[in-house]
Amino acid sequence: MSGNGLTYSEQGGEAAPELAQEAAPTVTPSTPAAFGLFSSDTKKNEDLKQMLESSKDSAKLDAMKRIVGMIAKGKNASELFPAVVKNVASKNIEIKKLVYVYLMRYAEEQQDLALLSISTFQRALKDPNQLIRASALRVLSSIRVPIIVPIMMLAIKEASSDLSPYVRKNAAHAIQKLYSLDPDQKEMLIEVIEKLLKDRSTLVAGSVVMAFEEVCPDRIDLIHKNYRKLCNLLVDVEEWGQVVIIHMLTRYARTQFVSPWKSRRFLEDNALKHENNFYESDEEQKEKDQKLKTTYTMDPDHRLLLRNTKPLLQSRNAAVVMAVAQLYWHLAPKSEAGIVSKSLVRLLRSNREVQYIVLQNIATMSIQRKGMFEPYLKSFYVRSTDPTMIKTLKLEILTNLANEANISTLLREFQTYVKSQDKQFAAATIQAIGRCATNITEVTDTCLNGLVCLLSNRDEIVVAESVVVIKKLLQTQPAHHGEIIKHMAKLLDNITVPVARASILWLIGEYCERVPKIAPDVLRKTAKSFTNEDDLVKLQILNLGAKLYLTNSKQTKLLTQYVLNLGKYDQSYDIRDRTRFIRQLIVPNEKSGALSKYAKKIFLAQKPAPLLESPFKDRDHFQLGTLSHTLNSRATGYLELSDWPEVAPDPSVRNVDVAESAKEWTGILGKPKKEKPTEKFYSESEEEEDESASTSSSGKCLESTAFSLPGKLCLQNCLVHK
Amino acid sequence: MCFQQKMIHSLFLINCSGDIFLEKHWKSVVSQSVCDYFFEAQEKAIDVENVPPVISTPHHYLISIYRDKIFFVSVIQTEVPPLFVIEFLHRVADTFQDYFGECSETAIKDNVVIVYELLEEMLDNGFPLATESNILKELIKPPTILRSVVNSITGSSNVGDTLPTGQLSNIPWRRAGVKYTNNEAYFDVIEEIDAIIDKSGSTVFAEIQGVIDSCIKLSGMPDLSLSFMNPRLLDDVSFHPCIRFKRWESERVLSFIPPDGNFRLISYRVSSQNLVAIPVYVKHMISFKENTSSGRFDVTIGPKQNMGKTVEGVVMTVHMPKAVLNMNLTATQGSYTFDPVTKVLTWDVGKITPQKLPNLKGIVNLQSGAPKPEENPSLNIQFKIQQLAISGLKVNRLDMYGEKYKPFKGVKYITKAGKFQVRT
């Protein structure tokens, strides 16, 4: 048993000797299942209650630990609420923490009792120690009790002007919590977000952008003035914040800048069109339009974003790398997007989950821009130890990257894969070969021959897959394939996989005039086995019968009627339906309408060849790196990436007036001084000075800004003076 | 409530037999039954490796990782970059590993309170808060036997009573007030060779991936810069957040204020222009006979291009085809095992001496009547070479600024096999 286990029982014994026997067998919360068999939960809770009411901290702590153990196990500990909540003001920091854990879990269920704890947090919000202030705010905002909304609102507002960036960070987190508790607070919360967006601390940036994305992602106007600051801070923001900011800036940039992808000509047209219906064009705008007419120049702010995100490709965090990669994919000129490939390929060394997501994104990218990943072709070679899902994704990418130059190498590589013990993967490889064969005409014959060779493979799945792919290939190449069809007809005796049988039957039916001797015989054989076939195969037998009846009724009339009779009484209504339909069409009788005249045209019409396409083909309409992209369906809360505007909105909105920003900044700093008296460092006189500074402008105000900017410095001062 | 929240909603830890042994909710409680969708997917996948990391259910999305025989299943309600969640879950597992020495079900169950405290600090409202190990260790002290005894006597706790400063500073990865009597800085340059060798012995694909792991025990706030003799070798590098990008971009020098303790400084890939020296070769003869339901197995491993260093720690693992019943082999060196259930053959060779090459040879018994396996199995090789970075990368010097004392410095090189596979 662990060290902790020891602790528990000893403490239990010490605190409440009469409970020692009770406490000892429980030892740790890790074995409650065994214990629960012999002792009812109520009894156990009874002793916990007593321990919580004990005067000794060690007993309380022991009890809290066991309760947290219960919560972790998913057991109900709600009835202990009154006993636990009493300890919220405990001096012992660990008891306090565990009580917080408990409160966050059960406050929602026991709202009235939870209110008892509120005043403790309110007091803590004024604590001189920033970490205590922050944690009080964290817990207070995590208690999902609607009645305290006004208190939370007030606390958030105050914390957003706190001197400590750490408290301000927590205020940003609290915004989302309050918003989810009461969406009616939206307008007030947006004000707080607006204030915090102006914050210059790298600690706050990520959290406030997160709040922005959740509460008001459509209020792009709040970003303008902070855009350049966010770009410049980005490298120093913590990694999780980076991801959120990058995703937000990607959306922002797509609404504010013009496309770097359009050809010059297209731009000219747009600029002209635009000039006609633009009513408020000031001089600057006109000049810009003039410029656009001649050549495309990237907005310096657009460039700033690309430049400042580039170093993050070297982050150790896969999510950051992916975020930058998608930013480049969606925002950078096509010639520059290539720089992300190397970093994405690097992520393939990571664990399988990261590989899975990254490969999916590469698969989408490699369809549109092959060139990006061609140099890394070999990095996608499959190892026999890769999990199947990774193998198939790599295969997908290899197929996307195939071209005339590398196809022979690739086909050699595919040959190894076909022999894989992982049959699912072998089957996928055969599909891949099929796709290469249709995409690259030079190798179609080679591939077809290779696939025909596979027909004699020992493994049924391989053979079946080959049949299906050959069928598709033959359809795209309706030329000299009598031989192959004959070969396949022979296989029918041995293959049992329904899809493959169905494919062969369809082929023979479709091209029955090219194999006039074999086709009727195949029908004869399958008529015999009709009742034992899979539904899929039965449908194709009916089809084959119908087609033969139309082309060679002399030999097959009776056989077809036999098959149709079997179909008429089949268990599956699909097959009965199909039988009825076919009979009406092909067997002329007095009731049959005009259609039967065209039966041959209907059945033996020229059919379009199936397209062998990548399953990732249509994924590019989702923003890369998103959950929606991974699932290939719109996830709840997915924010669409807008199209580039035809003409860039006024770029001057991002200009920041230096004096103004300084003023705003001190405005933020001005307020917290009110709660400062508790902190010895700030004497009364200084406080007044600071407050006057916030109203006055220029020199002094800048000074105070400089002083408070680096959160570290500030904090160190606090600590020194404590 | 009509609208949804972002990021991680809940976390379930599930063991291999499908028991949910820990749950944590950051927002309102999500019923355990949501895991049924996960179990369904798990059943379909057969192999744990193939459980899809992202699963969509009617009301939630499940994003999971599999680490050390534990599934970390997180519940998500809305759009979120999946890598964000995956990376975070791995960070959680890393932290457990760091705290308890292993990330196992027993360790987690034994330390459930610490686990809960950690999760509470790492995520606020589903958004990562403190993930740096230096910071976490100041907030919540890792368990040690000594500490738990002391705690039980004095009634003190493992929650830090002094509050961490790093979280609040511009260098969030380093704690303040670090003091050592012996100041030391060690760097391990570890290179791994990923390779696919084809049947005939020629290299299909080979690449060198490296990392520099550091163990830094320096007092105060040291500012280090590390330079290389041949930085051009490094083609693609990823950095610990402590490294200054700009210095690297302009001077190819690693300049940083290090975290305290063990951490990974950089990972890199050696540019593909350089030909990779493959330190071992494998001669193999594996064949299965059609009718006798038996086969032959004969593998020899030998050293090649290893710059005079010894190749050691050689282990070969082979996933034999399903039809193999058992194997009767003799090894001239080391020992082998064959697991008839998983069909994995493991040959622990040890050191290779060029005078007497290790060989493993014998008979393979197949299931009678089963068809002869189509493909020969691939051989996965592991090895180690001490005192050598196979790419030739060399550390030039380490300078320290900001502190007065003279630290003890050390660099160690080692080359290993990464994903090294020989097709037969």
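**Exercise 1. A residue in helix H16 of chain A**

Is Leu249(A) buried or exposed, and what is its relative accessible area? Determine this from the model, which is predicted.

*Solution.*
Step 1. Locate the residue: Leu249(A) belongs to helix H16 of chain A.
Step 2. Compare its accessibility with the cut-off for burial, which is under 20% relative accessible area. The relative accessible area of Leu249(A) is 0%, and the residue is therefore buried.
Step 3. Identify the surroundings. With neighbours within four places in sequence set aside, Leu249(A) contacts Tyr227(A), Cys231(A), Leu305(A) and Leu331(A).
Step 4. Consider Leu230(A), which is 19 residues away along the chain; its C-alpha atom is separated from that of Leu249(A) by 8.9 Å.

**Exercise 2. Two helices of chain A**

Describe how helix H23 (residues 388-401) and helix H25 (residues 423-439) of chain A pack, and characterise their contact.

*Solution.*
Step 1. Establish the geometry: the axes are 10 Å apart, and the packing angle is about 10 degrees.
Step 2. Classify the angle. Angles under 35 degrees count as roughly parallel, and H23(A) is thus roughly parallel to H25(A).
Step 3. List the residues that meet. H23(A) contributes Thr388(A), Lys391(A), Thr392(A), Leu395(A), Glu396(A), Thr399(A) and Asn400(A). From H25(A) come Gln424(A), Phe425(A), Ala428(A), Thr429(A), Ala432(A), Arg435(A) and Cys436(A).
Step 4. Sort the residues of this contact by character: five are nonpolar, six polar and three charged.

**Exercise 3. Helix H4 of chain B and its salt bridges**

Explain why helix H4 (residues 112-122) of chain B is described as largely enclosed, and trace the salt bridges formed by Glu120(B) and Glu121(B).

*Solution.*
Step 1. Examine burial along the helix. Of the 11 residues in H4(B), 11 are buried, so the rest of the structure largely encloses this helix. Among them are Val112(B), Tyr116(B), Leu119(B) and Met122(B).
Step 2. Recall the principle behind the pairs: side chains of opposite charge can pair when their charged atoms come close.
Step 3. Take Glu121(B), whose salt bridge with Lys97(A) has its closest N and O atoms 3.3 Å apart. Glu121(B) lies in helix H4 of chain B and Lys97(A) in helix H7 (residues 93-106) of chain A, so this pair joins two chains. Both Glu121(B) and Lys97(A) are buried.
Step 4. Take Glu120(B), which meets Lys24(B) in a salt bridge with an N to O distance of 2.9 Å. Because Lys24(B) lies in strand S2 (residues 20-25) and Glu120(B) in helix H4 of chain B, the pair ties together parts that are 96 residues apart in sequence. Lys24(B) and Glu120(B) are buried as well.
Step 5. Place these pairs in context. A network of salt bridges links Lys97(A), Arg138(A), Lys177(A), Lys24(B), Glu120(B), Glu121(B) and Asp124(B). Over all chains, the structure holds 49 salt bridges.

**Exercise 4. A salt bridge in chain A**

Determine which parts of chain A are tied together by the pair Lys169(A) and Glu238(A).

*Solution.*
Step 1. Confirm the pair: the side chains of Lys169(A) and Glu238(A) form a salt bridge of 3.8 Å, N to O.
Step 2. Locate both residues. Lys169(A) lies in helix H11 (residues 165-181) and Glu238(A) in the loop between helix H15 (227-233) and helix H16 (239-256), so the pair ties together parts 69 residues apart in sequence.
Step 3. Check the burial of the lysine: Lys169(A) has 2% relative accessibility and counts as buried.

**Exercise 5. Strand S9 of chain B and its partners**

Find the pairing of strand S9 (residues 203-217) of chain B with S8(B) and S13(B).

*Solution.*
Step 1. Assess burial: S9(B) is mostly covered, with 11 of its 15 residues buried.
Step 2. Examine strand S8 (residues 184-197), which runs antiparallel to S9(B) and is joined to it by 14 bridges. Tyr186(B) has Cys215(B) as its bridge partner in S9(B).
Step 3. Inspect the hairpin of S8(B) and S9(B): five residues lie between the strands, and Gly201(B) takes a positive phi near 95 degrees.
Step 4. Turn to strand S13 (residues 261-270), also antiparallel to S9(B), with eight bridges joining the two. Here Ile212(B) stands opposite Ile266(B).

Note on methods. Residues are numbered from 1 along each chain as its sequence is written. Chains are lettered from A and ligands numbered from 1 in the order in which they are written. This is a predicted model: local features need pLDDT of at least 70, side-chain atom pairs count only at pLDDT 80 or more; totals for chains, interfaces and linings use all residues. Side-chain values use heavy atoms; hydrogens and water are left out. Buried means under 20% relative accessible area, exposed over 50%, partly exposed in between (1.4 Å probe, protein chains only). Helices (H or I, at least four residues) and strands (E, at least two) are DSSP runs, numbered from the N terminus. Axes are lines fitted to C-alpha atoms, for helices over the stretch in contact, and angles run from 0 to 180 degrees between N-to-C directions. Angles under 35 degrees count as roughly parallel, over 145 as roughly antiparallel, 65 to 115 as roughly perpendicular and the rest as oblique. Contact means heavy atoms within 4.5 Å. Ala, Val, Leu, Ile, Met, Phe, Trp, Tyr, Cys and Pro count as nonpolar, Asp, Glu, Lys and Arg as charged, and the others, Gly among them, as polar. Two strands pair if DSSP finds at least two bridges between them. A salt bridge is a side-chain nitrogen of Lys or Arg within 4 Å of a carboxyl oxygen of Asp or Glu.
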